[in-house]
Amino acid sequence: MSSLQPIFEECREWLAYPQHQSLLEDEKTQLQAYLAAPGQINPKALLSLKWLAHHSSMAACEAYGRQDLPMLASHLNNAVGYRALVLRLEAAFSAMTPETTGGGRPAPFKDSVNAAAPAMLGRWDVAQICAKGFIGIAEKDQRLRNPGSRRLRHGTLDAFLIGLFSQAFLIETAFQSIKPIHPVYAVLLQNWGCPDATDFVPAMREATEFHVSRSRDSTDSVEYEFDSSFTRVFPVELLMVQSLRRRDNLPAIEVGHPLVDDAWSTIAQLPSVPANPALVEMEARLKNDYPLFR
């Protein structure tokens, strides 16, 4: 994990910044205010959920760097929980938006990671809901936009995860990326379920190297797939593969790269934590207030 030490330090400094500590309390208070208000919950609650997801993600990275497993379990479960609610609410808003108004505003490389995060932790019921929701968002983007204006047009992370969701949860999809799926991901889609290491390990190693090569800050001209601390520390798409293999009773195989092997071995031994009451309450409220929320 030595290569990740600068990221751990950045997360530690970010969390210690007084304004961010204050914002955390403000967003928690704001979320409770949305829950307490009568009538349909304010759609702006999505903004609070996104900020709390980001804070929990940074805290999870920092705890992982210290190998503090109880704190990592708490923060990582919160990060995944908030991310899943964000994706599910985005999917509901997408379904609620008339097709005459356009294809919505899906976020490349972010919505797909939010959708995959529950699978990384083996939360299969929520993972399937998120997979269906993200595929619905992607298909609407494809259906209602010209190829040049599509937001989910790349043949990398988003296309790979849609393919993996389709295979893992038996979801039919008409989605096709504008650019052909990257060869690294095409090979992994063919081999993630292999029972032995012969084909599985090279496919995962290549995908891990691609992940590392694309772990950079995005610029005005180039949008990188993994430009957040969370996705640089936790390769969610590859940890989802390992989690799927465990779900399907396939042999546990290390891939020979610390980015995946260290994170997966740590996640596999995390202690269980109680459900976050705020997440439970918010999920129940969204189900009640938005008929298309799944």
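## Exercises on a predicted model

In this model, Thr208 touches Leu238, His257, Leu259 and Val260, residues up to four places away in sequence not being counted. The structure is a predicted one.

**Exercise 1.** Place Thr208 in its helix, classify its exposure, and state what surrounds that helix.

Solution.
1. Thr208 belongs to helix α9.
2. Its relative accessible area is 0%. Buried means under 20%, so Thr208 is buried.
3. Helix α9 covers residues 197–213, which makes 17 residues. From first to last C-alpha it reaches 23 Å, close to the 24 Å expected at 1.5 Å a residue.
4. The buried residues of α9 are Phe200, Val201, Ala203, Met204, Ala207, Thr208, Phe210 and His211.
5. These buried residues pack against α8 (183–191), α10 (229–233), α11 (236–247) and α12 (258–268).
6. At the N-terminal end, α9 is capped by Asp196, with a side-chain oxygen 3.0 Å from the backbone nitrogen of Thr198.

**Exercise 2.** Which residues of α12 are buried, and which helices are among those that cover them?

Solution.
1. The buried residues in α12 are Leu259, Val260, Asp261, Ala263, Trp264, Thr266 and Ile267.
2. Their cover includes α3 (45–66), α4, α5 (111–120), α9, α10 and α11.
3. Two of the α12 residues, Leu259 and Val260, are buried; both are also touched by Thr208.

**Exercise 3.** Classify the ring pair Trp124 and Phe169 as stacked, tilted or edge-to-face, then treat Phe160 and Tyr185 in the same way.

Solution.
1. A pair of aromatic rings is described by the distance of the centres and the angle of the planes. The structure holds nine aromatic pairs.
2. For Trp124 and Phe169 the centres are 6.3 Å apart and the planes stand at 55°, so this pair is tilted.
3. The pair joins distant parts of the chain: Trp124 is in helix α6 (residues 124–144) and Phe169 in helix α7 (residues 157–169), 45 residues apart.
4. Trp124 has a relative accessible area of 21% and is therefore partly exposed. Phe169, at 8%, counts as buried.
5. For Phe160 and Tyr185 the centre-to-centre distance is 4.7 Å and the planes are 20° apart, which makes a stacked pair.
6. This pair also links distant parts of the chain, from Phe160 in helix α7 to Tyr185 in helix α8, 25 residues apart. Phe160 and Tyr185 are both buried.

**Exercise 4.** Which arginines lie over the faces of Phe200 and Trp124, and at what distances from the ring centres?

Solution.
1. Over the face of Phe200 lies Arg245, 4.0 Å from the ring centre.
2. Over the face of Trp124 lies Arg247, 5.2 Å from the ring centre.

**Exercise 5.** Describe the largest nonpolar core and the surroundings of Phe234.

Solution.
1. The largest nonpolar core has 101 residues, and Leu76, Phe165 and Phe234 have the most contacts inside it.
2. Helix α4 (residues 69–96) gives the most to this core, with 15 residues.
3. Beyond its neighbours within four places in sequence, Phe234 is in contact with Ala60, Cys61, Tyr64, Leu72, Leu76, Leu239 and Ala263.
4. Phe234 also belongs to one aromatic cluster with Phe8, Tyr64 and Phe230.

**Exercise 6.** Where does Glu139 lie, and which residues does Glu139 touch?

Solution.
1. Glu139 is located in helix α6.
2. With a relative accessible area of 22%, Glu139 is partly exposed.
3. Not counting residues up to four places away in sequence, Glu139 touches Glu172, Thr173, Ala174 and Phe175.

Technical notes: Residues are numbered from 1 along each chain as its sequence is written. This is a predicted model: local features need pLDDT of at least 70, side-chain atom pairs count only at pLDDT 80 or more; totals for chains, interfaces and linings use all residues. Side-chain values use heavy atoms; hydrogens and water are left out. Helices (H or I, at least four residues) and strands (E, at least two) are DSSP runs, numbered from the N terminus. The expected span of a helix is 1.5 Å times one less than its number of residues. Buried means under 20% relative accessible area, exposed over 50%, partly exposed in between (1.4 Å probe, protein chains only). Contact means heavy atoms within 4.5 Å. A polar contact is a pair of N or O atoms within 3.5 Å; within protein, one must be able to donate a hydrogen and the other to accept it, and residues adjacent in sequence count only if both atoms are side-chain atoms. Rings of Phe, Tyr and Trp (its six-membered ring) pair if their centres lie within 6.5 Å; planes under 30 degrees apart count as stacked, over 60 as edge-to-face and the rest as tilted. A charge sits over a ring if NZ of Lys or CZ of Arg is within 6 Å of the ring centre and within 35 degrees of the ring normal. A nonpolar core is a set of buried Ala, Val, Leu, Ile, Met, Phe, Trp, Tyr and Cys residues joined through side-chain atoms within 4.5 Å.
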